[in-house]
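Visitor: I'm new to this structure and would like a close look at a single part. Could you pick one helix and walk me through it and its surroundings?

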Amino acid sequence: MAIIAGVNIPDNLRVVIGLTSIYGIGRKRAFEIAANLGIEANRRMRDLSDEDLASIRTSIDRAGIAIEGDLRRENQMNVRRLVDIQSYRGQRHRRGLPVRGQRTKTNARTKRGRRQTVAGKRRAPSH
């Protein structure tokens with residue numbers, strides 16, 4: 001297991017895919033990091049030397065990329081700010097509903113939870 005930024009990355013993963021397991025690093029940024037350091041994207045994490053891992057760590061630090069705990073804290077503070085100023089988006093966050101204008105009449109089951117049966121809603125008897 002390679003440890004970068006406090007994250008255990010499995011040895012059998014390709015370098016680019018392994019870097020994406022760090023919160024805040026996506027595919028594009030992982031490719032950029034590998035290309036800047038001259039590391040082949042198809043190499044496995046187990047094939048990297050300790051110097052390669054150290055250079056990955058330093059390049060992430062030097063780039064000033066917010067990752068892991070810092071990025072999570074920043075996102076949490078942004079949401080908290082929206083809730084505190086009572087903006088529309090903050091209200092949606094507080095209620096646990098979609099924030100970006102999606103419809104909720106028929107979809108949004110992930111946010112709204114399972115369907116609940118409405119009591120007293122019966123059809124007229126058919127003769």
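Guide: Let's take helix α4, then move on to what lies around it. Keep in mind that this is a predicted model.

Helix α4 covers residues 68-84, so start at its beginning, with Glu68, because Glu68 is buried at a relative accessible area of 17%, and the cut-off for buried is under 20%. The backbone is worth a look here too: phi of Glu68 is near 50°, a positive value in a residue that isn't glycine.

Glu68 also has a charged partner. It forms a salt bridge with Arg72, and the closest N and O atoms are 3.8 Å apart. Both residues sit in α4, 4 residues apart, which is about one turn of the helix. Unlike buried Glu68, Arg72 is partly exposed, with a relative accessible area of 43%.

Right beside that pair you'll find another one. Arg73 forms a salt bridge with Asp70, with 3.1 Å between the closest N and O atoms. These two are also both in α4, 3 residues apart, again about one turn of the helix. Arg73 is partly exposed, at a relative accessible area of 48%.

How many salt bridges does a search of the whole structure find? It finds 3. Besides the two pairs in α4, there is one between the side chains of Asp52 and Arg43, at 3.5 Å from N to O. Arg43 counts as partly exposed, with 25% relative accessibility.

Back to Glu68, since it leads us to the core. Leaving aside neighbours within four places in sequence, Ile22 is in contact with Glu68, and also with Ile4, Ala5, Val7, Ile9, Ile60 and Ile67. Ile22 belongs to the largest nonpolar core, which has 19 residues; Ile22 is one of those touching the most other members, along with Ile4, Leu19, Ile25, Met45, Ile56 and Ile60. The elements that give two or more residues to this core are the strands β1 (2-4) and β2 (7-9), plus the helices α1 (15-19), α2 (27-37) and α3 (50-63). As a general point, nonpolar side chains tend to be buried together in soluble globular proteins.

Now follow the chain out of the helix. Gln86 is in the loop between α4 and α5. Phi of Gln86 is near 55°, another positive value in a residue other than glycine. While Glu68 is buried, Gln86 is exposed, with a relative accessible area of 55%.

After that loop comes α5 (residues 88-95). How do the two helices meet? Their axes come within 7 Å and cross at roughly 110°. That makes α4 roughly perpendicular to α5. On the α4 side, the contact is made by Val79, Leu82 and Val83; on the α5 side, by Arg89, Gly90, His93 and Arg94.

One more residue in α5 deserves a stop: Arg92. Arg92 is buried but has no salt bridge, and the nearest side chain of opposite charge, Asp84, is 17 Å away. Setting aside neighbours within four places in sequence, Arg92 touches Leu97, Pro98, Val99 and Thr104.

Finally, here is a way to place Arg73 against another part of the chain. The C-alpha atoms of Arg73 and Asn12 are 61 residues apart along the chain and separated by 30 Å. Asn12 lies in the loop between β2 and α1, and is partly exposed at 45% relative accessible area. Beyond residues up to four places away in sequence, Asn12 touches Arg44 and Arg46.

Terms used
Residues are numbered from 1 along each chain as its sequence is written. This is a predicted model: local features need pLDDT of at least 70, side-chain atom pairs count only at pLDDT 80 or more; totals for chains, interfaces and linings use all residues. Side-chain values use heavy atoms; hydrogens and water are left out. Buried means under 20% relative accessible area, exposed over 50%, partly exposed in between (1.4 Å probe, protein chains only). Lys and Arg count as positive and Asp and Glu as negative; His and the chain ends are not counted. A salt bridge is a side-chain nitrogen of Lys or Arg within 4 Å of a carboxyl oxygen of Asp or Glu. Contact means heavy atoms within 4.5 Å. A nonpolar core is a set of buried Ala, Val, Leu, Ile, Met, Phe, Trp, Tyr and Cys residues joined through side-chain atoms within 4.5 Å. Axes are lines fitted to C-alpha atoms, for helices over the stretch in contact, and angles run from 0 to 180 degrees between N-to-C directions. Angles under 35 degrees count as roughly parallel, over 145 as roughly antiparallel, 65 to 115 as roughly perpendicular and the rest as oblique.
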